[in-house]
Amino acid sequence: MTSRDIRPRRLRSSPAMRRLVAQTRLNPADLVLPMFVREGITEPVPIGSMPGVVHHSVDSLKRAVAEAAEAGIGGVMLFGVPEHKDAIGSGATDPEGILNVGTRAAVAEAGDALVVQTDLCLDEFTDHGHCGVLDPLGRVDNDATLERYRDMALVQAASGSQVLGLSGMMDGQTAAVRDALEGAGFVDTAILAYAAKYASAFYGPFREAVNSTLVGDRRTYQLDPANRREGLLEVELDIVEGADIVMVKPAGSYLDVLADVAATSSVPVWAYQVSGEYAMIEAAAENGWIDRERAIDESILAIKRAGADVVLTYWAVELAGRLK
Ligand code: PBG
């Protein structure tokens, strides 16, 4: 046999053959749609920085959840956009706060057709825009924030959220929330720990999506983009603290971290294709510079290929439609 007899092109010769030998497959059930529910609106409001994504009213959220269930995706992840913000993010722990109202509505709509999940973080609710409460010097106070997260967890669990997405990056947050849930008897509420969440410029468009007032950055609590090994440390800690699922975020620029985590994690590994990843493709496509659908599908396929079990993506419902 000569090296010319090994012809990898054989398995690329037709669409049916390529489909048969594909080593990575996308399924609607592997996709989770992040959604925004905003207080004080009665119609959906477009988010300028994320063309095609909207702020939902409670009613339009219900319709969109029904549509997501119809599309067969695995779940939705809810973010709340409150009308009023304050220093401690009171809206986050108010059972009548928009995220908790939206969660109850979504759960009622979804039944068992998909899993309703909630973002557990304070930045949407604080007037300073940080993910935690501040100490007298204006620094994010880790342990005081954990107390707020414990309370948020109980309200979200009581509202019916099945998976709490801990995205604040405080040390010990998974253990604190697990302890609070167990103490209150919420033994079936799962924790999705945003374990390897990097301080990324790719969250830019999301700031408009949650009307963020943040001045400065989150570099004292989110990971430094330079650090690969540190992602593994965060994953290890979260698993020990009781995480049911771990997350890598953003996805596209962190596929090395994702592959490392996928190779070592004993719990499911999810990845979040964030707002900037979304907006870049939409903007380039709008300019006619790339083939929109091919770029979307390839970007999500790459995240799965790197090892994600589930991908959070703003294109979840659109992509599910193409997979049918
Ligand atoms: C924090 C949070 C952020 C995102 C999800 N949860 C913003 C941040 O950490 O700055 C970003 C998601 C996206 O960009 O799509 N609650």
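How far from a nitrogen atom of the ligand is an N or O atom in the side chain of Asp123? In this predicted model, the separation between the two is 2.6 Å, and the legends below begin with that contact.

**View 1. Polar side chains that face the ligand, with Asp123, Ser167 and Arg207 shown.** The side chain of Asp123 places an N or O atom 2.6 Å from a nitrogen atom of the ligand, and a polar side-chain atom of Ser167 is found 3.3 Å from a ligand nitrogen atom. An oxygen atom of the ligand, in turn, lies 2.8 Å from an N or O atom in the side chain of Arg207. On its own the ligand has 400 Å² of accessible area, and the protein covers 100% of this area.

**View 2. The shell of 17 residues that surrounds the ligand.** The closest members of this shell are Asp123, Lys197, Lys249, Ser275 and Tyr314. Sorted by class, the shell consists of seven nonpolar, three polar and seven charged residues.

**View 3. The largest cavity, which is the space taken by the ligand.** The count of cavities of 30 Å³ or more comes to one, and the volume of the largest cavity is about 150 Å³. Its lining is made up of 18 residues, of which Asp123, Lys197, Tyr203, Phe206 and Lys249 are the closest to the centre of the cavity. By class, the lining of the largest cavity divides into eight nonpolar, three polar and seven charged residues.

**View 4. The cis peptide bond between Lys249 and Pro250.** Most peptide bonds are trans. The bond that joins Lys249 to Pro250, however, is cis, with an omega of about -10°. Pro250 belongs to the loop that runs between strand E8 (245–249) and helix H8 (255–264), while Lys249 is among the residues closest to the ligand.

**View 5. The backbone at Met169, where phi is positive.** Most residues other than glycine have a negative phi. Met169, although it is not a glycine, has a phi of about 65°, and its place is in the loop between strand E6 (163–166) and helix H5 (173–183).

Conventions: Residues numbered from 1 in each chain as written. Predicted model: local features only at pLDDT ≥ 70, side-chain atom pairs only at ≥ 80, totals over all residues. Heavy atoms only, no water. Near = heavy atom within 4 Å. Polar contact = N/O pair within 3.5 Å; in protein donor to acceptor, adjacent residues only side chain to side chain. Areas by Shrake-Rupley, 256 points an atom, 1.4 Å probe, with all protein chains shown as cover. 1 Å grid on protein atoms, 1.4 Å probe; cavity = no way out; pocket = protein on both sides within 12 Å on 5 of 7 lines; lining within 4 Å. Sits in = over half its atoms within 2 Å of the grid points. Nonpolar A, V, L, I, M, F, W, Y, C, P; charged D, E, K, R; others polar. Points joined across faces, edges and corners; volume = space filled by probe spheres on them. Helix = DSSP H or I, 4+ residues; strand = E, 2+ residues; numbered from the N terminus.
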